[in-house]
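Trainee: Before I use labels such as buried, exposed or paired, I would like to see how each one is justified. Could we go through some of them together?

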Amino acid sequence: MTDTPTAPGRRGELRFSTMAWLLTALLLAAAPHASKLPIWLSGLFVVSICWRLAIAMGFAPFPNRWLLMAATIGTALATVVDYGMLIGPESGTALLVGMSGLKLLETRDRRDCGLAVLLGYLLVVTWFFHAQEVQAGLYLVASVTVLTCALVAGATVDRNATWRDPIRPALILLVQALPFAFLLFLLVPRIHGPLWALPNQGDAGITGIDDSMTPGAIARLAESSRVAFRTRFGGAPPGREKLYWRGPVLTRFDGRTWTRGAPSIAGSPGYQPLSKAVEYSVILEPHGQRWLFALDLPSKAPARATLNREYELLWQTPIDRLLMYRVRSHPEYRQSMQLAPPERASNLHFPPGSNPLTRNLGEQWRKANLTAWERVERALSLYRQQPFVYTLSPPIAQIDASDRFLFETKRGFCEHFASSFVLLMRAAGVPARVITGYQGGEMNTLGKYLIVRQSDAHAWAEVWIQDTGWVRVDPTAAVAPERIELGVHAAVAERSRMIFGTRVDLGWLHRVALAWDTLNNHWNEWVVGYGAESQRTLLAKLGISESGRAGLLAGLLLGMPLCALAVWLLANWCGQRSQPRNPTAIAYERFCARLGKLGLERGTAESPRAFATRAAGARPDLQRDIHEITELYATLRFAPGADDRLFAVFQRRVSKFRPKNQPRRA
């Protein structure tokens, strides 16, 4: 059906279907921002949508110009009060949402419609300040499609156009724009960082491994199935028992909490590899801290990162966006460094008055003249021989947590085992420290990469052995070896608390989850994570050197005209194959088709009136309907001044024309 204009008499007046497209498009563009906006601003936008809909339906007038001016100034002032500024990602987005709603209340003609659509496109772009996931991308593609439909509807002048007519031209426009967008995405020089180089503010409150460790901290992470990072290996991945993803190194202990020590000198002291190097790339989710995660031990730091004496990989700034980096590690190694006196003192420190039972046991081993390895074995034997339990719900101890864990409750998670073991070693005279990070991961066989989740968070220990260096010791493995071999879900007693993690095999649901994660990973690798390094790699494959900025410029200058030529040729080819059809002619063809079912086929060169005369002669019972519909068609197609109301009458008559075959006479 056709539409009536919303403002009769105005030049370039808008039809109701155009306003329906525009209101829907702006509502879709603004909807994702609702959770980030003040309630009053969301309310203002909804009121503007409803008011403009009432205007389009003829139930309300346009607001007074002075009222609109007052609302505009009030919105700006209220935004300043809420955000403290007008310039900035959050305040600017809020102001844009408010002004988009108010713009609708003065949208009267095609020019206003075009400006409102442009505001909608800006709203779509600003959502990438908060979300860059694949689902956000799919939603925003849908929003852009509807906005383009609104743009086409606003530019359409055919009074017989229906609400469906803008869909096909809008899709053609978007398809024509794809080559240009793809070329610009590939060849425009990238700055360091992934898509937009904007912080992922949607994850600002999400953290993983922290720079400190208190009893229960890692146990809380173990209940989360949130992805920490994904890893793709260059060859066969190491065995699961070697997948120790190194993070912060904790050396200071105040009696309850472990923290990182003083900043050490950048630059690793070096080690002797005892195995073949493992090369892999990591896509790290934002966690708000500086450290990267790598397998023990990384050989060198990625670009824009540093590697210190503790073999911590540190990024230049807190990681508040998706980050891609490549690392080479050696799972088996021997260190040749010497432990400096300050480092030895730091890694032997035992807080006075803290955990006296732990201290006494360690001192007994030290006085027994045992070697360092024998003291390590004494501690591991203690965990194996005593009834220790690996659990997500250990008892909480405010003071002397190690004493209570070792000699009373014997129930704890990995941080309890690592902390008590390090304290035992320090009391026994063996330098030791706590390492936090992740252990293991789940291989996604669909995407052929490893998924490491927060539930893989783990803590282990390192001890200093003369002439060997730092050696990893995992006391958790002495109590729950299945934690290392199968994962935390197989080791803890409280498996029901982890049922919603995708690690638990739920049949086809698990396969669907892995397929969705594969899609997310491809999106991260090729879209969100397409930064300067990825661009250099791609251009090298295309034969453009890293320093060939002239090559980039030449590619753009040559590629844009080629894209334009290809789009022009495609548009002409499509235009020749499918010319736009008049809705009046489409309805008339439907009328002729219904007569054709009665055996009254219209001839190729037969005029509408001649066909009507012949058909009416064959079916006198339909004579009136045939002639009236034909005259309506002729008036709409060839007579000047035909209006939308006449077209509506014509459509109704055609829709009701459903004749049946006459019964045969006996």
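**From values to labels**

Mentor: Let us begin with strand S17, residues 449-453, which is mostly covered, since 5 of its 5 residues are buried. Keep in mind throughout that this is a predicted model.

Trainee: Which residues of S17 lie on one side and which on the other, and how do you know that both faces are covered?

Mentor: On one side stand Tyr449, Ile451 and Arg453, on the other Leu450 and Val452, and every one of these is buried, which is what the statement about both faces rests on.

Trainee: What makes S2 and S16 partners of S17?

Mentor: Two strands count as paired when at least two bridges are found between them. Strand S2, residues 227-233, is joined to S17 by 4 bridges, and strand S16, residues 442-444, by 3 bridges, so both meet the criterion of at least two. In each case the strands run antiparallel. Leu450 of S17 has Thr231 as a bridge partner, and Met443 also stands opposite Leu450.

Trainee: What joins S16 and S17 in sequence, and which residue in the turn has a positive phi?

Mentor: The two strands form a hairpin with 4 residues between them, and the residue in question is Lys448, whose phi is about 60°.

Trainee: Why is Thr231 called buried or exposed, whichever applies?

Mentor: Thr231, which lies in strand S2, has a relative accessibility of 1%; the limit for buried is under 20%, so Thr231 counts as buried. Leaving aside residues up to four places away in sequence, Thr231 touches Trp245, Tyr280, Ser281, Val282, Tyr449 and Leu450.

Trainee: And why does Leu77 get its label, buried or exposed?

Mentor: Leu77, found in helix H3, residues 65-83, has 54% relative accessibility; exposed requires over 50%, so Leu77 counts as exposed. Together with Trp66, Met69 and Ile73, Leu77 forms a nonpolar patch on the surface, with about 460 Å² of accessible area together.

Trainee: How do you know that the length of helix H20 agrees with what is expected?

Mentor: H20 covers residues 583-596, and at 1.5 Å a residue its 14 residues should span 20 Å; the C-alpha atoms at its ends are 20 Å apart, so the two values agree.

Trainee: What makes H20 largely enclosed by the rest of the structure?

Mentor: The count decides it: 10 of its 14 residues are buried, so the helix is described as largely enclosed. Among them are Tyr588, Phe591, Cys592, Arg594 and Leu595, and what covers the buried residues includes helices H21 (608-618), H22 (623-638) and H23 (644-656).

Trainee: Which residues of helix H12 are buried, and what covers them?

Mentor: In H12, residues 401-409, the buried residues are Ala401, Ser402, Asp403, Phe405 and Leu406. Their cover includes helices H10 (356-367), H11 (372-385) and H13 (414-427), along with strand S14 (411-412). Lys410 follows H12 and has a positive phi near 55°.

Trainee: Finally, what makes S7 and S9 edge strands?

Mentor: They belong to an open sheet of 3 strands with the order S7-S10-S9 and antiparallel pairing. Strands S7 (291-292) and S9 (305-307) each have a single partner strand, so one side of each is left without a neighbour in the sheet. S9 is joined to S10, residues 313-315, by 3 bridges, and Leu307 has Leu313 in S10 as its bridge partner.

Conventions
Residues numbered from 1 in each chain as written. Predicted model: local features only at pLDDT ≥ 70, side-chain atom pairs only at ≥ 80, totals over all residues. Heavy atoms only, no water. Expected span 1.5 Å × (residues − 1). Buried < 20%, exposed > 50% of the residue type's maximum accessible area, 1.4 Å probe, protein only. Contact = heavy atoms within 4.5 Å. Patch = residues over 30% accessible without salt bridge, like charges linked within 9 Å, V, L, I, M, F, W, Y side chains within 5 Å. Areas by Shrake-Rupley, 256 points an atom, 1.4 Å probe, with all protein chains shown as cover. Salt bridge = Lys/Arg side-chain N within 4 Å of Asp/Glu carboxyl O.
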